[in-house]
Structures are given as C-alpha cells and as structure tokens.
Amino acid sequence: MTELQELAIFGGKPAFGEDHKLVVGRPNIGDRDELFRLIGEALDRRWLTNAGPLVQEFEQRLADYLGVKQCVTVCNATIGLEIAARALGLKGEVITPSFTFIATAHALQWLGLKPVFCDVDPETHNIDPAQIEKLITENTTGIMAVHLWGRPCAIEQLTEIAARRNLALIFDAAHAFGCSHGDGMIGSFGDVEVFSFHATKFFNTFEGGALTTNNDELARQMRLMRNFGFKGYDEVDSVGTNGKMSEVSAAMGLVSLNSVAEFVAVNKRNYDLYRAELAGVAGVSVIDYNESERNNFQYIVLQIPANPEGLTRDDLRLALWEENVIARRYFYPGCHRMAPYDSNGPYDLPVTEQLADELLLMPNGTAVTEDDIRKICRMIGLMMAHPAEIRSKLESAQAAATTS
Ligand code: T4K
C-alpha cells in the first residue's frame, strides 16, 4: 500500500515511468498481420483512396453491424458533421450542447451557422430536451445533439420536438460506436448520425468517421459532397469538400471491426474494476452505463463534486499527473467559454459549468492493465483521504513555480 509520503507530489517516485504514462485515448490496435496484409493488397492494386474496394467493404460491414441502410465513411467526424449539416440544408441557428468536444460547435461555426448552446441534464450529461424549446427561434433550423460518453440522448423526445418544430436532427455519435438504444444500435436515429473513428476512440481507423442514415437520398447527397460534389468525371452536382476516407484507414477499420467485441470486453473489465476499487472512496463516483443496453465503456468518467473540506477535481488531476497518470478534464471549460463563442454571452448553462468543473476522465482501453487500475485507485483513495496535506503541497509547489 502506497503511503502518503511515497506519492510523487511529496517527492516519491512516480507510480508510472515516463515511458509508461497512462493516458486517456491510447489506441486499441487489432491484428497487425491482417492490417499489413490489407495494406499490402491496396499497394499492389495501386488504389489508395477515392471509394476504393476496402472503403466499400468497410461501409457495407459497418452498415450491417449498425443495422442501418446507408453508411458513408469520411476522413474524420468533424468533416462528417459539416457534410451532414450542409446536406440537410441547415441555415441560421442550430441548437447544440456546450458540454461536448469543441468540434461539435466548430463544425457549425465553420459553415457560418450559429451554435446556440443548450444546457445538459445533470444525470445523463446529454442535451436537456426540456430546455430546447425555449431556445427555438424563427432562425432555428436544426438540433445537433451529442450521445456523450456513448450514453444515448433522449432520442424519442428529441425526435418528437424536431418533427413538431420542423427541425433537422443530427446526432454527433462520435463516442457511441457499438452502443444501442432499445431495439436499435446508435446509427439509425435522427436524420443522420456521425461517428468518429479517431485514433483516441476505442474503435479507430487512425483518422476517420462515418455518416449513417436510413435516408437514401440524403446518403446520396452526402456521398457526392464528400467528393467535391462530383457526379461523374466532369460534372459537379453541388458544393462539396474532400471528406474521403483512405484505403489505409479502411484497412484499419476492417481490422478494428474484427476485434471490436474484444475491445469492448476489456473496456468493461476495466470499468467494473474502477467502480469496485473506488466504491469505498468518499467524494468520488464513477458515472454508470445502462447495463441493459450495449455500451462500449470507453470512457471512465469520475465525478468529484465541489466540497470545501475535500480535494477538488483539479487538485486530484494535478496529483495524478505527477504520477504520470494523465487524467483529462473532458470537456473543460465548455465550448461557450472558448473562442470564438466566449464573446457571445452571457450564457445560462449552470449544469454544463458544474460538470466541466467536476468530471475527470481516466485511462482505459487495451493499454491499461488491471494492476495499473488497482494502483491508480489506491492512489486516488489515499489522495482523497488527505485533502489538507495534498492541497498544501500543491499550493507550495505552485508558489515556488511562480517565484522562480
Ligand atoms: N464530437 C465529439 C463529441 C468528439 O469527442 C470528437 C472528437 C469529435 C466530434 C470530432 O471527431 P474527429 O474529427 O476527431 O474524428 C481527442 C481526439 O483528438 C478527438 O478526436 C476526440 N473527440 C477528443 C475527445 O479527444 P484531444 O485534443 O484531447 O487529443 P490529444 O491529442 O490530447 O490526445 C488524447 C490522448 O491520447 C493523449 O494523452 C495522447 C493519446 N494518444 C493520442 C493519439 C492521437 C495516443 O496515445 N496515441 C495517439 O495516436 O482530442
């Protein structure tokens, strides 16, 4: 058992070495031989991008896995969100949460749309349907909701509001690959759903993403837009961009798909262990997943409510960083407090601000062992039990840093 004086902030040796830092988002990697075989075939074919055979196979396998009619892969989810918004003809204002990765808001702003920030539900961390209607104006054309941490939004309520108010409904499903909602997988709700397959996601294609929809005409338009709007060699149908996925990314995707069940099982094992190990630690809780649904368990989200007697989320983060446990404050400070949105206030987003100050994400995935987790949780227990000592040490380190 580590004693207080053995913690790195008191001069002890960090629990993890510089070459074994534990981070949020270390990629999961499937069968390398199979990956190199697929890449070798692509090289032999000399067909490297532009809807090649691997991309086509990947799209079909994704559509089958998700139970959705159409899947259009893209080079990343940010471009995917932009293509979705453009294909749906969004104009003016789009209602979206501030409590998300900045890409959600930026995708809208990049298109000249105005993201209108809506607060989130304190339990689900997802956009609060009860607050959406107050934000709808004559300029509102859509809702871009986010299935944060892979936990589905209030899909039925959002669908009902969108239909009644004649708004498009896009789900940013960047976190939600492999998650279900009732009878269906995330991927077939709203007008379109957008996945991210970035390296830091539990299922990755290096960079990449996918647009999924049951609307054939929308899929056709998004397919054209992803390739500059080209309809044939010399004919352009609409404004477009370069959002294509490469063959190398599709190869990684096919290989990742073969291992997706194993990645989820490891995430779940780790999640269960974090929960068990932290169960007795006062002042920290681990957010839960609805176990009657399919989840990917990629995000281990700790909540450390503000408490004048205890450690804050930021104290804990700094102490863990000294141990080379690079826990992250997703999504601090909230999009509305970042440029360019911070100059548009005032905002009334109390739950967003509270969560941005209280949540801390922990390392997960196949690069994290059960021993790593036990070690991390023991340190968290020790730190949380000694708030005064930890805080005074952090304050003196900070004072020394500012005077030097
Ligand atoms: N919507 C939502 C809700 C999202 O969360 C995201 C992306 C998007 C949209 C946009 O999707 P993409 O356009 O990216 O497809 C990371 C990811 O870059 C980002 O994709 C992700 N969300 C976000 C939650 O996390 P950062 O700025 O935190 O990344 P960074 O560079 O700090 O990396 C995180 C950790 O992962 C580091 O500690 C190092 C480690 N890492 C990273 C890479 C790239 C590795 O160990 N290996 C690697 O290859 O945004």
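This is a tour of a predicted model, one selection at a time.

**Stop 1: the two domains**

Colour residues 4–25, 260–327 and 363–403 as domain 1, and residues 32–119 and 126–258 as domain 2; these ranges come from the domain assignment of the chain. The C-alpha centres of domain 1 and domain 2 are 32 Å apart. Now select the residues where they touch: domain 1 puts 15 residues into the contact and domain 2 puts in 20 residues.

How much area do domain 1 and domain 2 bury between them? The value is about 1,600 Å², with 52% of it on carbon and sulfur atoms. On the domain 1 side, pick out Val260, Arg294 and Tyr299, which lose the most area to domain 2. Together they make up 38% of what that side buries.

**Stop 2: polar links between the domains**

Between domain 1 and domain 2 there are 10 residue pairs in polar contact, counting pairs with both residues at pLDDT 80 or more. Select helix α9, residues 260–278: with 4 residues, α9 gives the most to the side of domain 1 that touches domain 2. The salt bridge count between the two domains is 1. Next, show Arg151 and Asp288, which form a salt bridge with their closest N and O atoms 3.9 Å apart.

**Stop 3: helix α6**

Select residues 155–164, which are helix α6, and show the side chains of its buried residues: Ile155, Leu158, Ile161 and Ala162. Why do they sit on the same side of α6? They cover an arc of only 135° around the axis, and this places them on the same side. Turn to the other side of α6 to find Glu156 and Ala163, which are exposed.

To see what the buried residues of α6 pack against, add α5 (129–135), β5 (140–146), β6 (168–172) and β7 (180–181). Just after α6, stop at Asn166, which has a positive phi of about 60°.

**Stop 4: salt bridges**

Side chains of opposite charge can pair when their charged atoms come close. A search of the whole structure gives 22 salt bridges. One of them joins Arg165 and Glu133, with the closest N and O atoms 3.0 Å apart. Arg165 is in the loop between α6 and β6 and Glu133 is in helix α5, so the pair, 32 residues apart, links distant parts of the chain. Arg165 is partly exposed at 35% relative accessibility, and Glu133 is partly exposed at 27%.

Move to Glu370 and Arg269, another salt bridge, where the closest N and O atoms are 3.9 Å apart. Glu370 lies in helix α12 (residues 370–385) and Arg269 in helix α9, 101 residues apart along the chain. Glu370 is partly exposed at 34%, as is Arg269 at 32%.

Stay in α12 and select Arg374 and Asp371, a salt bridge with 3.4 Å between the closest N and O atoms. Because they are 3 residues apart in the helix, about one helical turn separates them. Are these two buried or exposed? Arg374 is partly exposed at 29%, while Asp371 is exposed at 55%. Then select Glu133, Glu160, Arg164 and Arg165, which salt bridges with shared partners join into one network.

**Stop 5: Gly112**

Finish at Gly112, in the loop between α4 (102–110) and β4 (114–118). Gly112 is exposed because its relative accessible area is 64%, above the 50% cut-off. Add Ile29, which is 83 residues from Gly112 along the chain; their C-alpha atoms are 37 Å apart.

Notes:
Residues numbered from 1 in each chain as written. Predicted model: local features only at pLDDT ≥ 70, side-chain atom pairs only at ≥ 80, totals over all residues. Heavy atoms only, no water. Buried < 20%, exposed > 50% of the residue type's maximum accessible area, 1.4 Å probe, protein only. Helix = DSSP H or I, 4+ residues; strand = E, 2+ residues; numbered from the N terminus. Arc of directions from axis to C-beta. Contact = heavy atoms within 4.5 Å. Domains from an automatic or database assignment. Buried area = accessible area lost by both parts, 1.4 Å probe. Salt bridge = Lys/Arg side-chain N within 4 Å of Asp/Glu carboxyl O. Polar contact = N/O pair within 3.5 Å; in protein donor to acceptor, adjacent residues only side chain to side chain.
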